[in-house]
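Let's take a walk through this structure together, starting with a spot in a loop and working outward from there. Keep the 3D view open as you read.

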There are 2 protein chains.
Amino acid sequence: MTTAHLTFDQTDDKIADRVKKMRSSAVRDLFAAATRPDVISLSGGMPDVSLLPQASIKKAVRAACDDQRSVALQYGATDGRKETKQVFCDLMRDIGVRAKPENILITSGAQEALDLISKAFINPGDIILAEGPTYLGALQAFSAYEPDVRCIAFDEEGMRTDLLEAELKRIGKGNPRLKFCYTIPNFQNPGGVTMSATRRKRLLELADEYGFMVVEDDPYGRLRYDGGHMVPLKAMDDRVVYLGTISKVFAPGLRTGWIVAPRDVLAKVNLVKQGTDLCGSSFDQVVVEHYFTDTPWQKTLQKFVQTYHVRRDAMLSALEEHFPPEASWTRPEGGFFVWVTLPDYFDTGSMLSEALEAGVTYVPGDSFFPGAAAGKNSMRINFSFESPENIAEAVRRLAHVIEDRLELYRAFLEAGAIQAPSASQPTD
Amino acid sequence: MTTAHLTFDQTDDKIADRVKKMRSSAVRDLFAAATRPDVISLSGGMPDVSLLPQASIKKAVRAACDDQRSVALQYGATDGRKETKQVFCDLMRDIGVRAKPENILITSGAQEALDLISKAFINPGDIILAEGPTYLGALQAFSAYEPDVRCIAFDEEGMRTDLLEAELKRIGKGNPRLKFCYTIPNFQNPGGVTMSATRRKRLLELADEYGFMVVEDDPYGRLRYDGGHMVPLKAMDDRVVYLGTISKVFAPGLRTGWIVAPRDVLAKVNLVKQGTDLCGSSFDQVVVEHYFTDTPWQKTLQKFVQTYHVRRDAMLSALEEHFPPEASWTRPEGGFFVWVTLPDYFDTGSMLSEALEAGVTYVPGDSFFPGAAAGKNSMRINFSFESPENIAEAVRRLAHVIEDRLELYRAFLEAGAIQAPSASQPTD
C-alpha cells in the first residue's frame with residue numbers, strides 16, 4: 001500500500017540496479033489524493049506559506065529584478081553566492097554556531113545536501129546509522145548509493161545512545177565501512193522527539209571513539225513551542241556536518257538549504273555537486289539573501305511559531321479526546337509531527353484506504369524504515385498545515401477508523417486468530 | 001593543469017570510490033581566474049543575460065509575488081508544475097516535436113537531467129556512447145555512476161556514424177551493458193559542429209539495431225546564425241530522450257530544464273529525483289512560465305541570436321587573421337563555441353598559465369574527454385559572452401601564446417627532441 005514499484009515496460013532492461021530497490025515516497029504518492037476537497041491531509045510536511053506577508057516577498061524579490069539582476073539571472077558558483085552564505089552564517093550564529101562563508105555550501109534544499117553527502121561518502125554496503133524511524137527523504141537519498149542503514153530506536157530523549165553503542169560494538173572500532181550517523185536532533189521527523197543534552201554529548205563521544213561522521217539535520221530547530229533552546233551538535237563539535245534549510249523558516253518553493261562543514265568535507269561535496277546540477281538557482285539565492293536582510297523575517301517567524309503552537313496543541317488535545325487507550329503518541333516540543341504507535345497487530349498501510357474513505361490521510365509508519373522493515377503499526381501525523389478545527393476533525397475521523405479496526409482485531413483476538421497485544425513502545 | 005584532485009585530509013578515508021576518479025571542472029576552476037579585470041575569458045559558456053529587458057523580468061516575476069504566491073513559495077510536484085510543462089510543450093512544438101505535459105519532467109537545468117538519467121540507468125561498467133570531445137558536465141554527471149564511456153569522433157557533419165557502427169560491432173548486439181548514446185546534435189559543445197540529417201537517421205537506425213537509448217541534449221538549438229533548422233532526433237523517433245533548458249534562451253540563473261521522454265523513462269527519473277532534491281524550485285517555474293507567456297520573449301531571443309551572430313563572426317575573422325597555419329578550427333552555424341586543434345605535440349593544459357599571463361583563458365581540450373584521455377592538443381573557445389572587440393583582442397593574445405610555443409616546438413623539432421607534426425584532424 002505504501003510503496004509504488006515500477007511496472008514492466010520498454011526500458012526496464014536498461015534500469016540501474018540501484019533503482020530496483022528504491023521505493024516511491026508515500027508522501028509524494030499521497031499528494032494527489034490529498035487534493036480532494038473533502039479530505040483533510042495529515043500526511044504532508046508543508047509549512048503554511050500563507051503566513052508570509054506579501055510585502056516581504058516583494059521586497060525580497062526586488063533586488064533580483066533590479067540592481068542584482070545580472071547576478072540573479074546568470075550561472076553562479078557551485079558552492080553558492082558569498083552574500084547568501086553570509087546570511088546563513090548569521091542564522092547559525094543565532095543558534096550558537098560560529099561559521100564562516102568558506103565553511104558553507106548552498107544546496108537545493110536540505111534534500112540535495114543529503115544526496116550530495118551520500119554521493120560523496122557512501123559505497124555500496126557501507127554502514128549508515130540513523131534513528132529508526134527517520135526522515136523518508138533521507139532514506140531515499142541514501143538508497144541510491146546502496147548502503148546498509150542500521151536503525152537506532154529513540155525514546156522521549158531522542159536516539160537511544162545505549163542501543164547505538166551496542167550496534168557500534170557489533171560494527172567494531174575503525175570499521176572502514178562505517179561512514180556516518182544521520183540524526184535529526186530537534187523535533188525529529190517523524191518522531192517529534194528531541195535529543196537530550198546528555199545524549200548529544202554521548203553521540204559525539206561515540207563518534208570519536210568509533211570513528212564516524214555525524215550529520216545533523218536541523219530543519220525544525222527554530223520552530224520550538226515549549227522548553228528552552230538546545231545546543232546544536234555542531235556547536236559542541238566543529239567536525240559535525242550540519243544541514244540547514246529555509247524551507248520551514250521562509251519558503252520551500254525557493255529550494256534553498258545549506259551545509260556547514262569542515263572544508264575537506266565541502267571540497268568533496270563541491271566536486272560531486274558540479275556533476276549533479278552545476279550550481280543552485282542564483283535567482284533564489286538573491287531572493288533569500290534579501291528576505292533575511294530587508295524584511296522583518298523574525299516577526300514572521302514568530303507568527304509561524306505561534307500558529308504551529310496552537311495547531312500542535314489542537315492535535316494533542318484531539319488525540320487525548322478521541323484516540324483509544326491502545327494508542328500511544330509522542331508530545332513534540334516543536335516541529336511539525338506527532339508519531340502514533342498502535343498495537344503490534346495493526347497495519348497502518350492497509351488501513352490507509354479506509355482512512356482516505358473517511359476523509360483523512362496520514363503517512364504509514366513503515367515508510368520511515370529502510371525497506372519498510374518495521375513501523376507497520378505506526379503512523380506520522382502532521383499539524384503544521386491545517387487549521388486547528390480541521391486538525392481536530394481529522395483526528396476524530398482517524399480515531400473512528402482505528403476504532404473500527406480495533407473492533408475487528410478484538411474479534412480476531414477472541415477467536416485466537418491473532419496474538420494478544422504487547423505493551424507498545426513508541427518506536428517498536 | 002586542467003584538473004584538481006583532492007588533497008589528503010581528515011575525511012579522505014571516508015570518501016566513496018566513485019569520487020576518487022572524479023575531476024573538477026576546468027571551467028569551474030577558471031571561474032575565479034576569469035574575474036581578473038585584465039583577463040578576457042573565452043573559457044566560460046555563459047549567455048549574455050544583460051540582453052534581457054528588465055521589464056520582461058519584472059513581468060515574469062509578478063505572478064510569483066502575487067496571485068500565484070502560494071504555489072511559488074510551496075513544495076511542488078517532483079516532476080514539476082503542469083502549467084510550466086505546458087510552456088515547454090509549446091517550445092517543443094515550435095521545433096517540430098509533439099509532446100504532452102505527461103511526457104515532460106522539469107529539472108534543475110539540463111545538468112540535473114543528465115545526473116538523473118545516469119542515476120536511473122547506469123550500473124558501474126555499463127557502456128555509454130558519446131561524441132568525443134563532449135560536454136564536460138555530461139562526463140562529470142556520468143562519472144558518478146562509473147560507466148565505460150566510449151567516445152566517437154565527429155567531423156563537420158557531426159558524430160561519425162561509421163565509427164559509431166564500428167564501435168557497436170565491437171560491443172555486440174543486445175549487449176546488456178550498452179545503455180545509451182549521448183549526443184548534442186546542434187552546435188555541439190565543445191565542437192560547434194551540427195549533425196547532418198543523414199547522420200541523424202543513421203544514428204536512430206543503429207539505436208534500433210543495437211538496442212540502445214538515444215539522449216539528445218539540445219541547449220543551443222534555437223541559437224542558429226546560418227543555415228536552416230534541423231529536425232530534432234526526438235521528432236524523428238518518439239523513444240528519444242530529449243533534454244531542453246531555458247539557460248540559453250532565457251536565464252541560467254533560474255536553473256530550469258526539462259526532459260521529454262516516454263512515460264516509462266520518466267517514471268524511473270521521477271523516482272530517483274525524489275531522493276535527489278524532492279522537487280525543483282516552484283518559484284523559478286512560475287517565473288519561467290510567465291516569461292514565456294507574458295513577455296515578448298521571441299523578440300528577446302532574436303536579440304540573443306543577432307548579438308551572438310556578430311560575436312561568432314568576430315571570432316572566426318580574428319582566427320583567420322591571427323592564428324598560425326598549423327591551427328585548424330570548426331566553423332559553427334550556431335551555439336557558443338569554436339573547437340581549435342593544434343599540432344599533435346601541443347599541450348594546451350600546460351599552455352594555459354602562459355595564456356592567463358597574456359590575459360586570455362580558454363578550456364584545454366582534454367577536459368572534454370573521459371579521463372582526459374585525448375584532446376591535449378585542442379581547446380574550446382567561447383564567443384557568446386564577450387564583446388566583438390574583446391573577442392578579437394583575446395584571439396590575438398591567444399595567437400601570440402600559440403606562436404611562442406610554436407617557436408619553442410620548432411626548435412625542439414629541429415633538434416629531433418619531438419616528432420614532426422601529423423596532419424591535424426578536428427577531433428584527434
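**A walk from loop to whole chain**

In chain B, Thr194 sits in the loop between strand E7 (178-183) and helix H9 (197-210). Before going further, please keep in mind that this is a predicted model. Is B:Thr194 buried or exposed? Its relative accessibility is 12%, and because buried means under 20%, B:Thr194 counts as buried. You can see what surrounds it by listing its contacts beyond four places in sequence: B:Glu156, B:Glu157, B:Gly158, B:Pro185, B:Asn186, B:Phe187, B:Arg200, B:Arg224 and B:Met230. For a sense of distance, try selecting B:Asp155 as well: B:Thr194 and B:Asp155 are 39 residues apart in sequence, and their C-alpha atoms are 9.0 Å apart in space.

Stay in this loop for a moment, and look at the backbone. B:Pro190 also lies in the loop between E7 and H9 of chain B, and the peptide bond that joins B:Asn189 to B:Pro190 is cis, with omega about 10 degrees. Now switch to chain A. There, A:Pro190 lies in the loop between strand E7 (178-183) and helix H9 (197-210), and the bond from A:Asn189 to A:Pro190 is cis, with omega near 10 degrees.

Back in chain B, one of the contacts of B:Thr194 gives us a path onward: B:Arg224. This arginine is also in contact with B:His229. You will find B:His229 in the loop between strand E8 (213-217) and helix H10 (233-236) of chain B. With a relative accessible area of 53%, B:His229 is exposed. Leaving aside neighbours within four places in sequence, its contacts are B:Ile95 and B:Arg224. If you would like to see how far the chain reaches from here, pick B:Ala394: it is 165 residues from B:His229 along the chain, and the two C-alpha atoms are separated by 31 Å.

Our next stop is B:Gly125, which lies in the loop between helix H6 (109-121) and strand E3 (127-131) of chain B. What does a relative accessibility of 35% make of B:Gly125? The residue counts as partly exposed, because that class runs between the 20% limit for buried and the 50% limit for exposed. Which residues does B:Gly125 contact, apart from its neighbours within four places in sequence? They are B:Glu146, B:Pro147, B:Asp148 and B:Arg177. With B:Pro147, the C-alpha to C-alpha distance is 4.6 Å, although the two residues are 22 apart in sequence.

One of those partners, B:Glu146, deserves a look of its own. B:Glu146 is placed in the loop between helix H7 (136-143) and strand E4 (148-152) of chain B. Its phi is positive, about 55 degrees, although it is not a glycine. B:Glu146 is partly exposed, with 25% relative accessible area. Another non-glycine residue with a positive phi is B:Leu278, where the angle is near 70 degrees. B:Leu278 is found in the loop between helix H11 (263-277) and helix H12 (282-294) of chain B. At 13% relative accessibility, B:Leu278 counts as buried.

Now zoom out and let chain A fill the view. Chain A has 15 helices and 15 strands, and it is divided into domain 1, made of 20-51 and 299-415, and domain 2, which covers 55-294. The C-alpha centres of these two domains lie 26 Å apart. Where they meet, 33 residues of domain 1 are in contact with 31 residues of domain 2.

How does the overall size of chain A compare with that of a compact globule? For 428 residues, such a globule would have a radius of gyration near 22 Å, and chain A has 22 Å, which agrees. Along its principal axes, the C-alpha trace spans about 70 × 55 × 50 Å. Buried residues make up 64% of the 428 residues in chain A. Among contacts with a separation of 6 or more, 75% come from residues 24 or more positions apart.

Finally, consider the outside and the charges. The accessible surface of chain A comes to about 15000 Å², and 51% of it belongs to carbon and sulfur atoms. Chain A carries 49 positive and 58 negative side chains, and the centres of the two sets lie 6 Å apart.

Note on methods
Residues are numbered from 1 along each chain as its sequence is written. Chains are lettered from A and ligands numbered from 1 in the order in which they are written. This is a predicted model: local features need pLDDT of at least 70, side-chain atom pairs count only at pLDDT 80 or more; totals for chains, interfaces and linings use all residues. Side-chain values use heavy atoms; hydrogens and water are left out. Helices (H or I, at least four residues) and strands (E, at least two) are DSSP runs, numbered from the N terminus. The radius of gyration is taken over C-alpha atoms; the globule rule is 2.2 Å times the number of residues to the power 0.38. Buried means under 20% relative accessible area, exposed over 50%, partly exposed in between (1.4 Å probe, protein chains only). Contact means heavy atoms within 4.5 Å. Accessible areas come from the Shrake-Rupley method with a 1.4 Å probe; for residues, only the protein chains shown count as cover. Lys and Arg count as positive and Asp and Glu as negative; His and the chain ends are not counted. The place of a charge is taken as NZ of Lys, CZ of Arg, CG of Asp or CD of Glu. Domain bounds come from an automatic or database domain assignment.
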